[in-house]
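Trainee: I should be grateful for a close look at one part of this model, namely its aromatic side chains. Please explain each term as it arises.

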Amino acid sequence: MKKILIILGLILICGLFFAIYKTNIIGQADGSTSIFINKKSQNEVVFWTLQMSDFSEYINGVIKDFETENPEIKIKWIDVPFSEGEKRTLASVLSDNPPDLINLNPDFTAILAQKGALFEINSNSTEQFVPQIVDSLKYNGKLYSIPWYATSAVTIYNKDLFKKANLKVPETYSEMGQIAKQMKTKTNAYIWLPNISENDTMLRILNKYGINSAENINSAKSVEVFDFFKTLYTNDLIPKESITQTHREALEKYMSENIAMFQAGANFLNMIKENAPSTYAHTDVASQLTGDIGQYDFSLMNFIIPFRAKNKEAALKFALFLTNEKNQLELAKLTNVIAVNKYTLKDDFYTKYDNRDLMSKARVISAKQLSKVQPALKSQRNQKEINTLINSATQEVLLNKQNTPSILNRVSKNWKIFNNGSKIRQTQASQTS
């Protein structure tokens with residue numbers, strides 16, 4: 001009997017150990033598993049970034065400073081490959097043990113907000129940020145993310161080509177259209193290659209005219225904007241590749257001096273300097289082109305806190321520390337991104353430049369543009385499908401497949417269907433009806 005009791009006791013102990021072992025297998029960011037006998041500390045914030053390992057010294061420094069000020073909170077940093085960010089984030093927020101703070105883009109943030117997967121952030125927590133930036137992140141009037149950094153394109157242009165054509169650098173799309181013919185005649189170079197059906201390029205252009213919804217995509221002003229680009233395309237004043245080629249291909253054309261200007265972030269200046277030094281020697285920068293309302297556009301990266309996160313308040317505290325005036329300035333100096341902290345933007349780093357330093361000039365121009373970004377282009381339900389809808393319509397207009405009002409009326413109808421959460425059926429059939 002004694003032996004039987006000993007055996008039963010051993011079985012019970014083994015079973016208990018196995019249960020503990022099983023419940024503590026936790027998935028890692030790389031898809032593998034690790035075993036933790038002790039569960040995560042209640043005050044440990046698991047923090048994911050997207051491909052920031054090159055700046056590990058900076059990130060680890062911020063973590064150390066934060067933990068010194070907040071000894072009750074520990075930060076566990078995991079860097080995720082950019083290409084894996086959305087997939088891993090989606091899997092994690094649906095689990096019972098997601099990271100507490102995740103670096104993400106606003107488009108995918110909006111998708112998660114639609115699914116109710118994110119923690120709502122009190123707007124009172126965002127006093128340190130540029131108000132227009134915060135407003136751009138709201139979904140249905142509510143805030144589900146904290147901005148981290150921004151970029152805002154500038155116009156990179158060839159001074160020699162403009163001098164040869166006896167032209168001034170345009171400030172608006174309208175001015176660009178007016179000088180396109182003279183540029184081509186005098187220099188044999190196109191004024192610009194707009195990559196007009198890449199990602200959300202056309203939506204961003206339309207937003208500069210106050211066109212940003214299913215209700216006004218078929219307005220008279222919208223027809224005018226589409227037909228403006230159709231005229232440039234039909235008259236060979238922008239390259240035929242404008243409806244198919246990407247930003248990278250436009251960069252190559254700029255470096256080979258086949259186009260006179262190129263709209264991109266300041267980081268592209270380094271690429272030009274390294275790969276086409278002779279073109280760089282003739283290069284200068286100016287503000288990006290604007291539409292009727294004189295507004296600029298920008299791109300953002302932000303932080304989200306999953307609804308199921310265990311340490312929401314500690315995660316928010318760390319996110320605000322990461323984006324304080326000091327840490328924003330240090331990150332900007334390392335990466336040349338634009339800070340979203342309104343106090344950081346008052347620093348000389350964003351207000352003064354040497355004319356001989358194109359990077360600093362571009363940075364100051366970009367930072368100033370953030371003060372005029374309304375109406376900000378907000379992510380919407382089914383954003384990727386809407387981008388595809390607009391881009392297909394742009395190609396149809398430029399190729400004169402049908403009259404512009406008819407094409408845009410169909411776009412408006414289908415956009416409304418997307419807004420209602422439905423899929424468009426028989427799209428090809430509807431395009432010919």
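Aromatic rings and their surroundings

Mentor: Let us begin with Trp-192, which counts as buried because its relative accessibility is 5%. Buried means under 20% relative accessible area, exposed means over 50% and partly exposed lies in between, with a 1.4 Å probe and protein chains only. Please note that this is a predicted model, in which local features need pLDDT of at least 70 and side-chain atom pairs count only at pLDDT 80 or more, while totals for chains, interfaces and linings use all residues. Residues are numbered from 1 along each chain as its sequence is written, and side-chain values use heavy atoms, with hydrogens and water left out.

A search of the whole structure finds 14 aromatic pairs. Rings of Phe, Tyr and Trp (its six-membered ring) pair if their centres lie within 6.5 Å; planes under 30 degrees apart count as stacked, over 60 as edge-to-face and the rest as tilted. Trp-192 pairs with Tyr-173: the ring centres are 6.0 Å apart and the planes stand at 35°, so this pair is tilted. The two partners come from distant parts of the chain, 19 residues apart, with Tyr-173 in helix α7 (residues 173-187) and Trp-192 in strand β8 (residues 190-192). Helices (H or I, at least four residues) and strands (E, at least two) are DSSP runs, numbered from the N terminus. Tyr-173 also counts as buried, because its relative accessibility is 2%.

Elsewhere, Phe-47, Phe-66, Trp-148, Tyr-149, Phe-303, Phe-318 and Phe-321 make up one aromatic cluster. Two of its members, Phe-47 and Phe-318, are, together with Leu-101, the residues with the most contacts inside the largest nonpolar core, which has 68 residues. Such a core is a set of buried Ala, Val, Leu, Ile, Met, Phe, Trp, Tyr and Cys residues joined through side-chain atoms within 4.5 Å. Helix α13 (residues 312-322) gives the most to this core, namely eight residues. Beyond four places in sequence, Phe-318 touches Phe-47, Val-62, Ile-63, Phe-66, Ile-75 and Leu-101 (contact means heavy atoms within 4.5 Å). Another core, of 46 residues, lies apart from this one, and Tyr-233 is among its residues.

Tyr-233 has a further partner: the charged end of Lys-240 sits over its ring, 4.3 Å from the centre. For this, NZ of Lys or CZ of Arg must be within 6 Å of the ring centre and within 35 degrees of the ring normal. Similarly, Lys-312 lies over the face of Phe-307, at 5.7 Å from the ring centre.
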